[in-house]
Structure formats: C-alpha cells, structure tokens
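I set out to read this structure element by element and to keep a short record of each look-up. The sequence and structure are placed below for reference.

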Amino acid sequence: MADARPIGVFDSGVGGLSVLRALRAHLPNEHFIYIADQAHVPYGSRSLDEVRRFAEGITRYLLSRGAKAVVVACNTASAAALHALRRAFPETPFVGMEPAVKPAAETTQSGVVGVLATPATFQGALYASVVERFARGTRLLESTCEGLVQCIEAGDLHGEAPRRILEAALHPMLAEGMDTVVLGCTHYPFVIPLIQEIVGPDVRVIDPAPAIARQTRRVLEAHNSRNAPRAAGGVTYYTTGNPSEASAVMARLLGRAVAVRGLVWEGTTLREPPTP
C-alpha cells in the first residue's frame with residue numbers, strides 16, 4: 001500500500017536544499033517538509049550538545065506533522081545528533097550526511113584529497129570514523145572555509161567574499177597536489193561552479209547529495225514506505241528565521257518562486273507562530 005505521509009528534511013539553513021533537490025529528482029512522487037533553522041545558523045560553530053538539542057526539537061515537530069522518515073540534510077547535525085536521534089526515536093528511519101571520504105579515497109590519483117567542512121563536522125566522531133575506515137593511505141587536507149555558509153545564506157554565490165574564502169582554502173591544497181575535493185557541508189554544492197572555476201577541470205568535486213537521495217529511497221523501500229506513482233509531490237517550506245527573506249534566498253538557489261512559512265522556538269520546542 002502506498003504511504004503518502006511526508007518525508008521530513010532539515011538543515012541549519014538553506015544548505016539542505018542541495019539535498020532536497022536531489023531527493024525530489026529521485027523521489028518525484030513524495031511530499032517533503034523542509035525546515036531551515038535559520039534562528040540558529042550556522043550550526044558549524046556551535047557545540048555538539050547545542051546542535052543535538054536543536055535536531056531533537058526539529059524532529060519532534062516533523063513527527064507531529066506525520067513524517068514517515070527524516071533526512072538530516074546537514075553534516076554538522078548528522079555528526080552531532082544522528083546517533084542520539086535514532087536512540088530517541090527508534091521507530092523512525094533516519095538518513096544522515098557522511099563526508100564522502102570513501103569515494104574520494106577510492107578514486108584519487110594523487111592520493112591528496114581536500115575536505116571542506118565545518119569545525120563541528122571535523123570534531124565529530126562520525127568524521128573520525130570515516131577517516132579511520134576509508135582514508136588510510138590518503139592524505140586529507142582540511143579547511144573550515146569560515147564565513148562561507150553565511151555568504152550562501154545571504155544568496156552570495158559568486159561575489160568577492162565567497163571567492164576570497166574559497167581561494168584561501170583551495171590554493172594551498174592545489175599546491176600540495178590535491179586532485180579531489182569533498183564537500184562536507186550541504187551549503188557548499190551551491191558554490192560548485194565557483195569551486196570548479198578555482199580548481200580547474202582536472203580536480204574532481206564530490207557532491208554527496210545524489211548518494212543521500214539514493215540511500216533515502218533504499219530506506220523507504222526497506223520500510224515499505226514508498227509512495228505510489230501519482231501526481232508529482234511537493235514541498236512545504238519552513239524557517240525559524242525571517243520567512244520573506246528565506247523565500248527570496250531559496251527562490252534564488254532553486255530557480256523558482258518559493259513560499260516559506262515561519263516557525264518559532266519556545267525553549268526546545270518548535271511551534272507555529274500564533275495567528276495574528
């Protein structure tokens with residue numbers, strides 16, 4: 001029987017839209033609820049405990065809306081909270097982000113791989129585990145690209161600020177022989193054209209979003225939760241920030257008009273604002 005319940009997707013801001021874009025391409029009949037926790041963006045500079053509390057509050061809201069699965073479309077939140085979410089909500093299937101170190105290590109020719117991610121992702125046990133399991137013999141060059149998430153949140157994908165941040169990160173890596181770049185933050189796929197302009201055509205840039213979409217489809221099939229073919233599914237968008245500002249930035253990133261609704265935090269609980 002078809003399962004028409006929505007799939008919940010969340011991120012600290014607009015970065016998870018890169019994952020949502022891939023999810024919609026792979027699961028066109030599903031409906032999604034997307035939450036951008038812009039009241040707390042960026043997650044990458046926050047403590048893991050703080051991010052875990054945000055993730056649990058968002059998950060409770062998504063489940064209250066009937067979500068049949070939750071995609072943690074944020075590397076920082078996955079590193080901080082994925083294991084805790086699975087313990088707290090054992091009946092709910094979760095799909096999280098994992099830095100794509102494995103495919104990078106398997107395909108690099110030079111043995112030198114650049115990883116762009118937030119401080120919290122680099123500090124998390126998930127990243128350490130991936131490196132330990134898959135990156136032996138591969139030299140990893142890491143950069144936090146401080147300020148890049150804020151540029152993307154503002155819709156600045158091609159300006160002087162993101163270019164300066166990326167050049168400072170990537171030029172030293174290129175000098176060390178890097179031939180592969182791993183995007184360890186869901187915001188970063190939106191600046192792939194700028195990254196490719198800086199690194200040139202001989203450097204592979206790995207966007208994890210398609211792999212996450214394929215994994216989500218496998219998880220739904222394992223739980224018999226795929227929706228039957230019907231009219232194309234849609235998305236309900238929420239932000240804990242300013243809805244009109246979020247609508248403008250999301251429309252720019254997605255290339256179409258987007259209506260975004262507001263949510264508010266009351267302690268650790270996420271609620272819809274009272275009707276005026």
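The entries that follow take the sheets, then the helices packed on them, and then a single residue.

**Entry 1. Status of the model.** I noted at the outset that this is a predicted model.

**Entry 2. The six-stranded sheet.** I asked in what order the strands of this sheet lie. I found six strands in an open sheet, in the order 4-3-1-2-9-10, with parallel pairing. I then looked up the edges: strand 4 and strand 10 (260-262) each have a single partner strand, so one side of each is left without a neighbour in the sheet. From one strand to the next, the twist averages 20 degrees.

**Entry 3. Pairings within that sheet.** I went through three of the strand pairs. Strand 1 and strand 2 are parallel and share five bridges, and in this pair I found Gly8 opposite Ile33 of strand 2. Strand 1 is also joined to strand 3, by four bridges and again in parallel; here Phe10 stands opposite Val72 in strand 3. Strand 3 in turn runs parallel to strand 4 (residues 94-96), with three bridges between them. Val72 appears again in this pairing, opposite Gly96 in strand 4.

**Entry 4. Side chains of strand 3.** I asked which way the residues of strand 3 point. Ala69 and Val71 point one way, whereas Val70 and Val72 point the other way. I recorded all of these residues as buried.

**Entry 5. Helices across the six-stranded sheet.** I looked up two helices here. Helix 2 (residues 48-64) lies across strand 1, strand 2, strand 3, strand 4 and strand 9, and runs at about 155 degrees to strand 1. Helix 10 lies across strand 1, strand 3 and strand 4, at about 165 degrees to strand 4.

**Entry 6. Helix 1 and its surroundings.** I asked which residues of helix 1 are buried. They are Leu17, Ser18, Val19, Leu20, Ala22 and Leu23. I then traced what these buried residues pack against: strand 1 (7-11), strand 2 (32-36), strand 3 (69-72), helix 10, strand 9 (235-239) and helix 11 (243-254).

**Entry 7. Helix 1 against helix 10.** I noted that the axes of helix 1 (residues 17-26) and helix 10 (residues 209-222) come within 8 Å and cross at roughly 50 degrees. That angle makes helix 1 oblique to helix 10, and the crossing is right-handed. On the helix 1 side, the contact is made by Ser18, Val19, Ala22, Leu23 and His26. On the helix 10 side I listed Ala209, Pro210, Ile212, Ala213, Arg214, Thr216 and Arg217. By class, the residues of this contact are seven nonpolar, three polar and two charged.

**Entry 8. The four-stranded sheet.** I turned to the sheet in which four strands lie in the order 6-5-7-8; it is open, and its pairing is parallel. Strand 6 (139-143) and strand 8 (204-206) are the edge strands, each pairing on one side only. I recorded an average twist of 20 degrees from one strand to the next. Strand 5 (residues 112-117) runs parallel to strand 6 and is joined to it by five bridges. In strand 6, Ser143 stands opposite Leu116.

**Entry 9. Helix 8 on the sheet.** I found helix 8 (residues 160-175) packed on this sheet, where it touches strand 5, strand 6 and strand 7 (180-184). The direction of helix 8 makes about 165 degrees with that of strand 5.

**Entry 10. Helix 8 against helix 9.** I asked how the axes of helix 8 and helix 9 cross. The axes of helix 8 and helix 9 (residues 192-199) come within 10 Å and cross at roughly 45 degrees, which makes helix 8 oblique to helix 9. The crossing is right-handed. Helix 8 contributes Pro162, Arg163, Leu166, Glu167, Leu170, His171 and Leu174 to the contact, and helix 9 contributes Leu194, Ile195, Glu197, Ile198 and Val199. I recorded these residues as eight nonpolar, one polar and three charged.

**Entry 11. Ala117.** I closed with one residue of strand 5, Ala117. Is Ala117 buried or exposed? Its relative accessibility is 1%, so Ala117 counts as buried. Leaving aside neighbours within four places in sequence, I found Ala117 in contact with Phe122, Ser143, Thr144, Gly184 and Tyr188. Ala117 and Gly184 are 67 residues apart along the chain, and their C-alpha atoms are separated by 4.4 Å.

How values were computed:
Residues numbered from 1 in each chain as written. Predicted model: local features only at pLDDT ≥ 70, side-chain atom pairs only at ≥ 80, totals over all residues. Heavy atoms only, no water. Axes fitted to C-alpha atoms, helices over the stretch in contact; angles between N-to-C directions. Helix = DSSP H or I, 4+ residues; strand = E, 2+ residues; numbered from the N terminus. Parallel < 35°, antiparallel > 145°, perpendicular 65-115°, else oblique. Left-handed = near helix turned anticlockwise from the far one by under 90°. Contact = heavy atoms within 4.5 Å. Nonpolar A, V, L, I, M, F, W, Y, C, P; charged D, E, K, R; others polar. Pairing = 2+ DSSP bridges. Buried < 20%, exposed > 50% of the residue type's maximum accessible area, 1.4 Å probe, protein only.
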